[in-house]
Amino acid sequence: MSATSGVVVQGTGGVWEVFTEQGETLLASLRGRLKHEAHGALKLAVGDRVTLKQDAQHADTWAITGIHPRVSKLARRTPGGRYGERIVVANLDQVLIVFAAARPEPHPRMLDRFLVIAEANDLAARIVLNKIDLVSPDVSEGLFAEHAAAGYPIHRVSVRTGEGLDALRDEVEHRSSALSGPSGVGKSSLMNALFPGLDLRTGAVSDSMNKGRHTTVGAMLHPLPHGGFIADTPGLREVGLWGIDARDVAGCFPEFRPLLDECRFADCTHIVEPGCAIREAVEVGDIPAGRYESYVKLRDELAA
Ligand code: GDP
Ligand code: ZN
């Protein structure tokens, strides 16, 4: 009986594809004790690290005999608690949020929404501004400047000219990343430029996978040539703001965090209260008005 370990890269409800340390893709399923325990928090997810054994009775599929503890998860939570959450991808190191400098126009408030979802899932976010060939350097530098000031790493790149791609590749290789962003910003072009042959088609992949199946397949991880994985879709958008507590939204804005203990009231909503350190910071320009506007909008949405 042989044994190995690997990462679950795709799941179709019952049979899972596992990418092994040796670089092989094996089909595997939960057996015995793990299968019966597989409810609630123990459910296997794409991105999980597992140990496998080949058993004599089922020569073509492997048995998943162990699930390693998760270090992170991107999950769609149900309101009011963690029970029943659906894990979209486990063990991500970061999320890459892609926008275009033009065509389509960048949307800072939409970026804020993606960032809050990443923060609420305790995932590091990296912003990619593609198509900088379409604007002047001044315009490109000005875009998302408030997010750079908040501490988010920003990669200004162009798939067309190749600018910035090497530096971005360095941050993506050997890590597990999820890719998000509006359609048309160049996500597929970017991945194909960074890792030729990967042939990742965001959107198209999940559509064809779901055909004729009853359950939603969820995310899929693509192994990268030198190590690491890219999850295509569903990503942040599919996870959404579900289950995030309105009171936790302020903490999802890194530039708010140092001030959160300074408000007069401990349960300050940072919207109407006197002595609010956040609103004072907005008034003097220490917190950008646009970021605060996103805070109010997202908080209202969750409080409703
Ligand atoms: P996705 O929907 O985010 O996967 O976007 P695609 O990769 O399909 O790209 C959308 C369009 O943008 C295509 O026509 C690409 O050729 C174009 N595109 C991608 N990257 C760049 C870039 O750096 N500069 C310019 N000018 N166009 C780009
Ligand atoms: Zn306040």
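Two strands count as a pair when DSSP finds at least two bridges between them. With that in hand, welcome to this predicted model, which we can walk through sheet by sheet before turning to its ligand.

**The open sheet**

Start with strands S9 and S10. Strand S9 covers residues 124–130, and three bridges link S9 to S10 in the parallel sense. One pairing is easy to find on screen: Val-128 has His-155, in S10, as its bridge partner.

These two strands belong to an open sheet of six strands, arranged in the order S10-S9-S8-S11-S13-S12 with mixed pairing. At the edges sit strand S10 (154–156) and strand S12 (221–223), each of which pairs on one side only. From one strand to the next, the twist averages 25°.

Helix H2, residues 108–120, packs on this sheet and touches strand S8 (94–100), S9 and strand S11 (176–180). The direction of H2 makes about 175° with that of S8.

**An unusual spot in a loop**

Next, look at the loop between S8 and H2, where you will find Arg-103 and Pro-104. Most residues other than glycine have a negative phi, and most peptide bonds are trans. Arg-103 has a positive phi, near 50°. The peptide bond that leads from Arg-103 to Pro-104 is cis, with omega near 0°.

**The barrel**

The model also holds a barrel, closed by five strands in the order S1-S2-S3-S5-S4 with mixed pairing. Neighbouring strands here are turned by 55° against each other on average, direction ignored. For a closer look, take strand S2 (residues 16–20) and strand S3 (residues 25–30): they run antiparallel and are joined by four bridges. Within this part of the barrel, Val-18 stands opposite Leu-26 in S3.

**Around ligand 1**

Now to the ligand. Ligand 1 is surrounded by 16 residues, and the closest are Asp-133, Gly-184, Lys-187, Ser-188 and Ser-189. By type, the shell divides into four nonpolar, eight polar and four charged residues. Helix H6 (residues 187–194) gives the largest share of this shell, with three residues.

Three of the contacts with ligand 1 are listed here.

| Residue | Protein atom | Ligand 1 atom | Distance |
|---|---|---|---|
| Asp-133 | side-chain N or O | nitrogen | 2.8 Å |
| Gly-186 | polar backbone atom | oxygen | 3.0 Å |
| Arg-160 | backbone N or O | oxygen | 3.2 Å |

Asp-133 thus appears twice in the picture: among the closest residues to ligand 1, and as the side chain 2.8 Å from a nitrogen atom of ligand 1. Gly-186 and Arg-160 take part through their backbones, each facing an oxygen atom of the ligand.

How much of ligand 1 does the protein cover? On its own, ligand 1 has 590 Å² of accessible area, and the protein covers 71% of that.

How values were computed:
Residues numbered from 1 in each chain as written. Chains lettered and ligands numbered in written order. Predicted model: local features only at pLDDT ≥ 70, side-chain atom pairs only at ≥ 80, totals over all residues. Heavy atoms only, no water. Axes fitted to C-alpha atoms, helices over the stretch in contact; angles between N-to-C directions. Contact = heavy atoms within 4.5 Å. Near = heavy atom within 4 Å. Polar contact = N/O pair within 3.5 Å; in protein donor to acceptor, adjacent residues only side chain to side chain. Areas by Shrake-Rupley, 256 points an atom, 1.4 Å probe, with all protein chains shown as cover. Nonpolar A, V, L, I, M, F, W, Y, C, P; charged D, E, K, R; others polar.
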